[in-house]
Each structure stands twice: as C-alpha cells, then as structure tokens.
Amino acid sequence: EWERRLALFSRTLEEWMSVQRLWLYLEQIFATPDIQRQLIFENKTFIDVNRQWVNLMRSVEDKPNALKAGTAQGVLQTLQFCNLSLERIQKSLEEYLETKRLIFPRFYFLGNDELLEILAKSKNPDAVQTHLDKLFGNIRSLDIVTPPKQPPTVQSMTSAEGETVQMPKNVRARGPLEQWLGSVEQGMNDTVKKHLKHGLSDS
C-alpha cells in the first residue's frame, strides 16, 4: 500500500511541477489584453486551466500535507488535463509567433519572450525601441511622433554612433506590428537609395 501511494505521489508531483512551470510562463503572457484578443480560444482555455490550478493550490494551502495532497482522488487526473491543455496552448502560441515571423522575417532575430513582449504592447510603437538593435543592424532608435488626430509617424532613424537620417514622410506606425515594421524597413531602404543617388550625382 505504501509503495502504491508513493508511486502515485511521485507521478502527481512530476505533473504538478510541469503544470506550475508552464502556468508561470503562460500566465504573464495571457495577462496582457492584446494577446487575449489575438488568441481568443487559447485565452479561454487558459482561463479554465487557471481556475482549476487556483482551486487546487487553495485546497493545498488549507491542508498543507504533501502526501495527502499528492494522493487525493482526482488530483493526478486534473493535473494531467491541465498539462495537456497548457501544452496545446504553448504549441498554438508558437504557431502564432511563426505566422508573425513569416510576415516580417526579422522577428527571427528575437527570442519568443522578446517577440511576445513587443506584441503584447503593439499599441505602443515605442515598445519596439529596446529590441531595434537586434531587428536592424546598427539602428539604435526611431524617432516616432504622434501629430494631433493622426497616427504615429516614424520621422527618422538614429545609428549607434548617433547619426540621424530622416525617413520618408509616409512611414506610419499603425496597424499590426509586423506590417508597420515592414513599412519602416522599406522606408529605410528607400532613404538609403535616395542618399546614395544624391552622393553619386554630387561626386
């Protein structure tokens, strides 16, 4: 009987730690409204898992006995269900990030956590500033201004050496992040081409 209970406790503990690890990772992601809106089904699934997880942790807090908590009827099954659901959410999350990277391949230079950080703050164009040096070689910052009653506009780019180059007037920082960053990249190319032409004509 002791061997059976300890074996059950061991299996439960493994599932418990796995759920806790995934829950800690995903909880901060699904706490952001933008991610909740973009991954509606996954958010609903996470809410259901979160409810079961919180209820389980409260029951343990009320009766802090490891062996009893780990061998109580239904606990292992609940944790296995939570693990399966969280793994599916994580897989969907990775597929979601992959679609963003296919649209804007420079996102491959960012890790999942970094990409999620800026996607979660997609309504704030300045959120991308801290990762610009990874997305674009030697770009330290973008000068993003918001004129009255108009969308944010990228006016210039600044290199790591502090050199500033003006961007085309029509580079808007609005819509999905991957789309307006694509416009920024095109604006950079157009600007460099223009300056090269001027340089050749002046030489």
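Is lysine 149 buried or exposed? At 91% relative accessibility, lysine 149 is exposed, and the legends below place this residue among other sites of a predicted model.

**Figure 1. Overview of the predicted protein chain.** The chain contains eight helices and three strands, where helices (H or I, at least four residues) and strands (E, at least two) are DSSP runs numbered from the N terminus. Along the sequence the elements follow the order α-α-α-α-α-α-α-β-β-β-α. The radius of gyration is 24 Å, well over the 17 Å that the globule rule gives for 203 residues, so the chain is more spread out than a compact globule. This radius is taken over C-alpha atoms, and the rule is 2.2 Å times the number of residues to the power 0.38. The C-alpha trace spans about 90 × 35 × 25 Å along its principal axes. Buried residues account for 37% of the 203 residues; buried means under 20% relative accessible area, exposed over 50%, and partly exposed in between (1.4 Å probe, protein chains only).

**Figure 2. Confidence along the chain.** The mean pLDDT, the predictor's confidence in each residue from 0 to 100, is 91 for the protein chain, and 100% of the residues score at least 70. Among the elements, helix 2 (residues 33-38) has the lowest mean, 86, and helix 5 the highest, 95. Residues are numbered from 1 along each chain as its sequence is written. In this predicted model, local features need pLDDT of at least 70 and side-chain atom pairs count only at pLDDT 80 or more, while totals for chains, interfaces and linings use all residues; side-chain values use heavy atoms, with hydrogens and water left out.

**Figure 3. The largest nonpolar core and phenylalanine 107.** A nonpolar core is a set of buried Ala, Val, Leu, Ile, Met, Phe, Trp, Tyr and Cys residues joined through side-chain atoms within 4.5 Å. The largest one has 46 residues, and those with the most contacts inside it are Leu86, Phe107, Leu142, Val154, Trp180 and Leu181. Elements that each supply at least two of its residues include helix 1 (2-29), helix 3 (40-62), strand 1 and helix 8 (177-202). Helix 5 gives the most, with eight residues. Beyond four places in sequence, Phe107 is in contact (heavy atoms within 4.5 Å) with Lys100, Arg101, Leu115, Ile118, Leu135, Leu177, Glu178 and Leu181.

**Figure 4. Threonine 191 in helix 8.** Threonine 191 is buried, at 3% relative accessible area. A polar atom of its side chain lies 2.8 Å from the backbone oxygen of glycine 187. Apart from neighbours within four places in sequence, threonine 191 is in contact with Met157, Val165, Gln166, Met167 and Pro168.

**Figure 5. Serine 159 in strand 2 and its contact asparagine 138.** Serine 159 is buried, with a relative accessible area of 8%. Leaving aside neighbours within four places, serine 159 touches Asn138, Ile139 and Arg140. Asparagine 138 occupies the loop between helix 7 (132-135) and strand 1 (139-145) and is partly exposed, at 39% relative accessibility.

**Figure 6. Two loop residues with positive phi.** Most residues other than glycine have a negative phi. Asparagine 138 has a phi near 65°. For lysine 149 the value is near 60°, and this residue lies in the loop between strand 1 and strand 2 (153-159).

Key. Polar contact = N/O pair within 3.5 Å; in protein donor to acceptor, adjacent residues only side chain to side chain.
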